[in-house]
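Here is a small set of exercises to work through with the model open beside you. Try each task yourself before reading its solution.

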Amino acid sequence: MSPYDSPPTRPPGEPRSESINAGCHGGRETMLEAAKAAGKTATLERLAADYPRGPHDQPQSMCPAFGSLRVGLRMRRTATILSGSACCVYGLTFTSHFYGARRTVGYVPFNSETLVTGQLYEDIRNAVAEMADPELYDAVVVINLCVPTASGIPLDRLPREIEGVRVIGIDVPGFGVPTHAEAKDVLAGAMLRYARSEVEQGPVQRPRGHQGDREKTERPTVTLIGELFPADPVGIGALLTPLGLAVGPQLPSREWRDLYGALDCRVAAAVHPFYTASVREFQAAGREVVGSGPVGVEGTADWLDAIGTAAGLAPGKIDAAKAKSLAAIRGVLAANPIQARITVSGYEGSELLVARLLIEAGAEVPYVGTACPKTPWSEADREWLAARGTHVQYRAALEQDLAAMREVKPDLALGTTPLVQAAKEVGIPAIYFTNMVSARPLFGPAGAGALAGIVAAQTRGRERFRQMTSFFEGIGSGETAGYGPRSPSVAAVSDKTAKPAPAKRKPAAKRQPALQEGD
C-alpha cells in the first residue's frame, strides 16, 4: 500500500446520515447531529472544550474558517486547500484576497454522490498528493468546512507527509468553532503539535531571522501568541532587553521553521487569550505561559513582573527593567490624555487590553464586549477592569453591544461594522475596531500615545453628527426607505435641500411712445 492509499474510516459505499441532505442550510443542530452520526464526535467534543459557546450562542461574525485560512495564507511555502460548499469557498477566498492574500487557494469540489460514496475523500487525497511538491512547499493544509465535516470526511486519515511535505488536516465547521479568531488557533495549534513531534524526534531547522544575530539568538526568548501590529513585537523587544530576554518567532508563524523557534522559548506570552490549543502545546513542551500584555503603566509593570518571574529572574533585575520602561510610558500618557466616555466592542481578542490602555490615559470605559470566551489568560485584565467599574461581556452578541451603546451614550464607540453604523445613525461618533484600533501599536511607549489622536479627532465631530442626524431625521426608514430617483427618501432629501424658487418679477410697464410734435 502506498502512502496515498490510507482508507477512509467508512467504506465508500456506506450511506451517511440523511440529515446532511439539508446541506449547509440545515441549521446548527442538524449539522451537529449529522457530524456525530458520521464519526466526528471526538472532534466536536475537543472543539467544544477548547472554544465553549456559553452563556450565549456563538456571536455574529464572519465564517470562522476565515481565521484558519488566514493563518495558512500568511505562511511562506504553505499550500491551503478548502473542502466545502462552493458558495462558502467563494466567500472565503474573496475575503482572504480582500485582506491582501497573494497566494492561491486550492478547492476540491463535491456533489451529493461524491459525499455519499466517499469519493470526496479520494479527491482530497489526490489533490494533496498533487500539491505536495517539496520544491515549493513545506506543508499542505486541508480545511474541512461545514458540509464535509458533517458528512464525516476523515482528514485524519490523510498521509502524515508526502515526499517530505507535511500534511495538516483540520475541521473548522461554523457549527463547532464560534469565531474566526478562535479558528486561527485551530490551525496554529495543529501545526504546533506537529512541529513539537518533529522536535522530539531530532534536530530541526533554525528560524530564518535568527541565524545572523548571534547576540539575539543567545538570549532566552519570549514567544508572543496572537496576531499583533507589526511595530508591537519591536516595542515589546525593547521592554524585554533589560531583562536579558528577546522576542522569539511569533505564533501564528510566518514560516514552518518559525514554529520550532516559537517552541524553543523561555516563556510563552498569551497576549491574545483565546489560543487554547496552542497554549496546550506550549505547556506540553514544558514552557511557562503568561497572560495579558504590556499596556499602559500598570499593565506593563504587571506583565514584566509575570514574565520575569516565569523566566526565573531575580527581583532586582525585574525592578530595574520596570524602572527603565515605565517612566517613558508614564510621560507619553501624560502628554496624550483622553477625556471621553468610550465603549469597546470587537472580535480580535485584544478588547480588554485596549480598554485598559484607554482608562490609564484618562478615559471612562463603562463597557467592553468581546466575541471571544473567558479564559485564564485574560482574567487579570478582567479583574483590573472590574475594579474600575467596567462591565466585561464575554461572548458578546451584537444586541448586547448595541444595548450598552444606547444606555451609556458614549462620546465614542469602538466596535464592529453594524455597531458603528447603528451608533452613527443616532449621532454617536464611532470607528471600526479592526481597521482603526488594531491597525495601531498597543504596547509600550508607542502604544501609550497611539489612541489619543484618533479619539480626539472623532469626539470633536460629535456636534457634526448631531447636525447630520437632525437634518436627515425620518429619512431612510419606514415609509421613506428605498433608493432611486422616485423613492420617498430621495424626495424627502430633495425637499429639504431644495432652494426656494426666486420670486417672479412683475413685468415692466410698457412705455408709451413720446408724442411727436404735430400729433
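**Exercise 1. Find which element gives the most to the lining of the largest cavity, and describe that cavity.**

Step 1. The top contributor is helix H15, with 3 residues. Helices (H or I, at least four residues) and strands (E, at least two) are DSSP runs, numbered from the N terminus.

Step 2. The space in this cavity comes to about 80 Å³. On a 1 Å grid over the protein atoms alone, a cavity is a set of points where a 1.4 Å probe fits but cannot get out, and a pocket is an open set with protein on both sides within 12 Å along at least five of seven lines; lining residues have an atom within 4 Å of a point. Grid points are joined across faces, edges and corners, and a volume is the space filled by probe spheres set on the points.

Step 3. Its lining has 14 residues, with Pro273, Gly349, Leu352, Ser378 and Asp381 nearest the centre. Sorted by class, the lining holds 7 nonpolar, 5 polar and 2 charged residues. Here Ala, Val, Leu, Ile, Met, Phe, Trp, Tyr, Cys and Pro count as nonpolar, Asp, Glu, Lys and Arg as charged, and the others, Gly among them, as polar.

A note on the source: this is a predicted model, in which local features need pLDDT of at least 70 and side-chain atom pairs count only at pLDDT 80 or more, while totals for chains, interfaces and linings use all residues. Residues are numbered from 1 along each chain as its sequence is written, and side-chain values use heavy atoms, with hydrogens and water left out.

**Exercise 2. Describe the lining of the second largest cavity by class.**

Step 1. Ile338, Leu357, Leu358, Ala361, Ala448, Leu451 and Ala452 form the lining, around about 30 Å³ of space.

Step 2. Classing them gives 7 nonpolar, no polar and no charged residues.

**Exercise 3. Work out whether the length of helix H13 agrees with the expected span.**

Step 1. The expected span of a helix is 1.5 Å times one less than its number of residues.

Step 2. H13 covers residues 296–310, 15 residues, so 21 Å is expected; the end C-alpha atoms lie 21 Å apart, which agrees.

Step 3. Now look at its surroundings. Among the buried residues of H13 (buried: under 20% relative accessible area, exposed: over 50%, partly exposed: in between; 1.4 Å probe, protein chains only) are Val297, Trp303 and Leu304. The buried residues pack against elements including strand E6 and helix H14, where contact means heavy atoms within 4.5 Å.

Step 4. Just after H13, glycine 312 has a positive phi of about 75°.

**Exercise 4. Examine the salt bridge between arginine 70 and glutamate 227.**

Step 1. A salt bridge is a side-chain nitrogen of Lys or Arg within 4 Å of a carboxyl oxygen of Asp or Glu. For this pair, the closest N and O atoms are 2.9 Å apart.

Step 2. Arginine 70 sits in helix H3 and glutamate 227 in the loop between E6 and H10, so the bridge ties together parts 157 residues apart in sequence.

Step 3. Arginine 70 is partly exposed because its relative accessibility is 22%, whereas glutamate 227, at 17%, is buried.

**Exercise 5. Which parts of the chain does the salt bridge between lysine 40 and aspartate 171 link?**

Step 1. The closest N and O atoms of the two side chains are 2.9 Å apart.

Step 2. Lysine 40 is in the loop between helix H1 and helix H2, and aspartate 171 is in strand E5, 131 residues apart.

Step 3. Both residues are buried.
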